[in-house]
Every structure is written in C-alpha cells, then in structure tokens.
Amino acid sequence: MNRKEFLKLSTLGTASLAFSPKAFPIKKKQNIRFGIITDLHHDIMHDGEKRLQAFIGEMKQSQPDFIIQMGDFCVPKPENQALLNVWNSFKGDKFHVIGNHDTDGGYKREDVVQFWKAQDKYYSFDREGFHFIVLDGNEHNESPNRPKGYARFVSKTQIEWLEQDLDSTDLPCIVFCHQGLDNDMGGLENGMAMRYSLEKANKRAGFQKVILVFSGHHHQDYYNQINGIHYVQINSASYYWVGGEHQMVRYSEQIDEKHPWIKYTIPYKEPLWATVEISSKGRIQIEGRKTNYVGPDPKTMGLPEDFGFYPIAAEVSDRELEI
C-alpha cells in the first residue's frame, strides 16, 4: 500500500462518521428467509455427513428461500461426493462460499468450484428484492511482507468487481465472505479496505445500501456494527480449534486413529447453524442454535477468557437487528 492509499484509508473513520446514510426504504411485501451453515470441516470430523444431514433435514422442513454454506466444507476429492449428495438433496436454491481449507491437499479454487458445482469463486444474485454478494477471501497477497499462513486477501480486481456490482443494483445488499472483514485476528488482511468499499457504496447511493455482512472462519459467535453495517460471525457447525498444546482424545481411539485432527479441537455435541429472516418491517432476525461440548469445556480445561479474543461458545446466538 502506498502513502496515498494509506492516507485515504486512514480517514475512513472521520469520513464515515460525517456521513449518516438513511436506511433503505424496504418495500411493504419485501421479505426473505435463508439457512446458513459454515465450517463443517468434513475432512476433519468423523461425523460431518451426519451434521450436514441434520441441517438439510431442518431446511427441508422449514423451506427457506435458499441455503448457503460459507466455506471449509470439503475438499474436492471423489470420496466427498456422498457429502455433496446430502447437500444437493435440498431441492431449493443452494449457494457456496469458498473457505481456506477447501483447497487443502494442493487443490485449486477452480477445482472446488467445479466439484461443488458452485456459481463461481465470487458472484452475486438477487432473491425476493434483495441483492446477495459472495466474496472469495482466499486470493494471494503478492506483498513480501504479508502474514504467513493461508491466503486471506481480496485482490484489486475483485474489489473493482465488487464496487461495480454494488453500483449496479438499487436493492439492499447482504455480503457473504468466509473470513471476517471486521476481525483483524486472522480475518482478511485488507479487511479495512473491504469495509471502506462497502461504506463508499452506501455514500454514493445516499442510503444504507449494504446492510449486513456474514462471515465464518473464526469458529466463534460475535457481532459488530461498524459505520452502520452489521457484521455477524456464524460459528462453526463442528468445533473450536485449540491446537496441539491442548489436544485431547474426545471420542474413541479408533476414531482418533482415522481422524487425527479432531483431538486438536473442542467438538460441539450437535451441529450449529442459523436461519436468517429479513422482514418488511426493517428487522433482521437471526435464529441460532446452542449445544454443549464433547468432553471438557474451555473453562474446565483452564483456557484463559481471552484465548480466542472473543469468548469461545458452543452456540450461534439469536439476534434481532434493525436496518
């Protein structure tokens, strides 16, 4: 980032506080409901298929307008076709977001798109008077000073696409990205720039066009509001990662032998997901789920309260937000 770009971004807070866009004028009959699940990690969990079956079973009963999974779903190998068959058994509209672990084992994002039969790496769609945008937060930052680890970056090309896409619609917008735009601890490397793009779109429109951003990736349950935009983190369907220092066999030795990465996690007894409804009254209602842990919980393990920065919780909270 050059000095001119840095100075432009550094004025974000002041500029945004000076502009208070009006809420989008929701039409009287405008209403949508969708199911959302993330971070199933089928390639780590021994029961990923059963967890997805529970989600799909609920969605078949409740019949939302669409369902979406927000990444770290499964790698594109033939052995995972059975999981995709469960996902595809939902007959309504289905959408995918790519996560960083979906390319584990040397796969490319293009392989993932093809195997899942996803729309693309990033794309947008309209449903019931709302505009939805799916981002790909897994692009590589070419800077030699980038943090080590998985790619978690959105390129200039994708940002330009995003800004053009936002300007092309007059509908209220909801954004999905695997990595958090609002979380500096392992979220998008250029999360501030991404938030600025959303806020600029609101300013150009003269109203609160971008109302809501969903992320997964962090396996936590939290919410932020930044300059009028709601940022909601959806917890993992499966577990919280605690690493090697806190590893523990929580199922059986046989399961651990076949699925050795589970012992680095605190699994949730039951899968987590959320149902989201955006109503004609200008309210966003999120209905989550709560469960317990398999084995000792974080407190019993002696994990400090700030171990995950945000509190560790085996739930997706119910929330009611206003547009």
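What follows is a walk through two sheets, the helices that pack on them, and one buried serine.

Before we set off, some ground rules. This is a predicted model, so local features need pLDDT of at least 70, side-chain atom pairs count only at pLDDT 80 or more, and totals for chains, interfaces and linings use all residues. Residues are numbered from 1 along each chain as its sequence is written, and side-chain values use heavy atoms, with hydrogens and water left out.

Let's begin with the sheet ordered 4-3-2-14-15-16, an open one of 6 strands with mixed pairing. Strands here are DSSP runs of E with at least two residues, helices are runs of H or I with at least four, and both are numbered from the N terminus; two strands pair if DSSP finds at least two bridges between them. At the edges you'll find strand 4 (93-96) and strand 16 (319-322), each pairing on one side only. From one strand to the next, the twist averages 20 degrees. Strand 3 (residues 66-69) runs parallel to strand 4, joined to it by 4 bridges, and Gln69 sits opposite His96 of strand 4. Helix 3 (residues 48-62) packs on this sheet, touching strand 2 (32-37), strand 3 and strand 14 (274-278), and its direction makes about 170 degrees with that of strand 2. Touching, or contact, means heavy atoms within 4.5 Å; axes are lines fitted to C-alpha atoms, for helices over the stretch in contact, with angles from 0 to 180 degrees between N-to-C directions.

Now for the other sheet. Its 6 strands go 5-6-7-9-11-10, again open and mixed. Strand 5 (123-127) and strand 10 (222-226) each have a single partner strand, so one side of each is left without a neighbour in the sheet. Here, too, the twist averages 20 degrees from strand to strand. Strand 6 (residues 130-134) and strand 7 (residues 173-177) run parallel, with 4 bridges between them; Phe132 stands opposite Ile174 in strand 7. Helix 6 (residues 156-167) lies across strands 5, 6, 7 and 9 (210-215), at about 175 degrees to strand 6. Helix 7 (residues 191-205) packs on the sheet as well, touching strands 7, 9, 10 and 11 (229-233), at about 145 degrees to strand 11.

Last stop: Ser238, in the loop between strand 11 and strand 12 (239-241). Its relative accessible area is 0%, so Ser238 counts as buried (under 20%; over 50% would be exposed, and in between partly exposed, with a 1.4 Å probe and protein chains only). Who surrounds it? Setting aside neighbours within four places in sequence, Ser238 contacts Asp39, Leu40, Met45, Arg51, Pro267 and Tyr268.
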